[in-house]
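Please open the model in your viewer and keep the sequence at hand. The tour below proceeds from one selection to the next.

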Amino acid sequence: MSAPISIHRPSPTGGRRVTIRGQIAGLARGDSDVVEFLRRAGLVDAERLLDDPRWVEWRGGRAHRYEAA
């Protein structure tokens, strides 16, 4: 089973698309944006989920990096 949250590879202009259960949540420019998307989706303590592979899959590029590809 894959993680319900995917943080996709950095875009050419910077930022990473975030999907939650297959639905696009938005374009994150930093961890604080991801945490806000998760909070809006009803996930509490979202900061703790970012490094949990059961919850978050970082696709392409290094985790927590949002610079242009």
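Which side chain meets that of Glu36 in a salt bridge of 2.5 Å, N to O? In this predicted model, the partner is Arg39. Select both residues: they lie in helix H1, three residues apart, about one turn of the helix.

Keep Glu36 selected and add Arg40, which also forms a salt bridge with Glu36, the closest N and O atoms being 3.0 Å apart. Arg40 likewise belongs to helix H1, four residues from Glu36. Glu36, Arg39 and Arg40 are thus linked in a network of salt bridges. Within this network, Glu36 is partly exposed, at 25% relative accessibility, whereas Arg40 is exposed, at 63%.

Next, select Leu43, in the loop between helix H1 (31-40) and helix H2 (46-49). Is Leu43 buried or exposed? Leu43 counts as buried because its relative accessible area is 15%, under the 20% cut-off. Beyond its neighbours within four places in sequence, Leu43 is in contact with Ile5, Leu38, Leu49 and Trp55.

From Leu43, proceed to Glu57: the two C-alpha atoms are separated by 16 Å. Glu57 forms a salt bridge with Arg59, with 3.4 Å between the closest N and O atoms. Both residues are partly exposed, Glu57 at 30% and Arg59 at 33%. A search of the whole structure finds five salt bridges.

Finally, select residues 16-20 and 23-28, the antiparallel strands E2 and E3, which five bridges join. Val18 has Gly26 in E3 as its bridge partner. The two strands form a hairpin with two residues between them, and Arg21 in the turn has a positive phi of about 50°.

How values were computed. Residues are numbered from 1 along each chain as its sequence is written. This is a predicted model: local features need pLDDT of at least 70, side-chain atom pairs count only at pLDDT 80 or more; totals for chains, interfaces and linings use all residues. Side-chain values use heavy atoms; hydrogens and water are left out. Two strands pair if DSSP finds at least two bridges between them. Buried means under 20% relative accessible area, exposed over 50%, partly exposed in between (1.4 Å probe, protein chains only). Contact means heavy atoms within 4.5 Å. A salt bridge is a side-chain nitrogen of Lys or Arg within 4 Å of a carboxyl oxygen of Asp or Glu.
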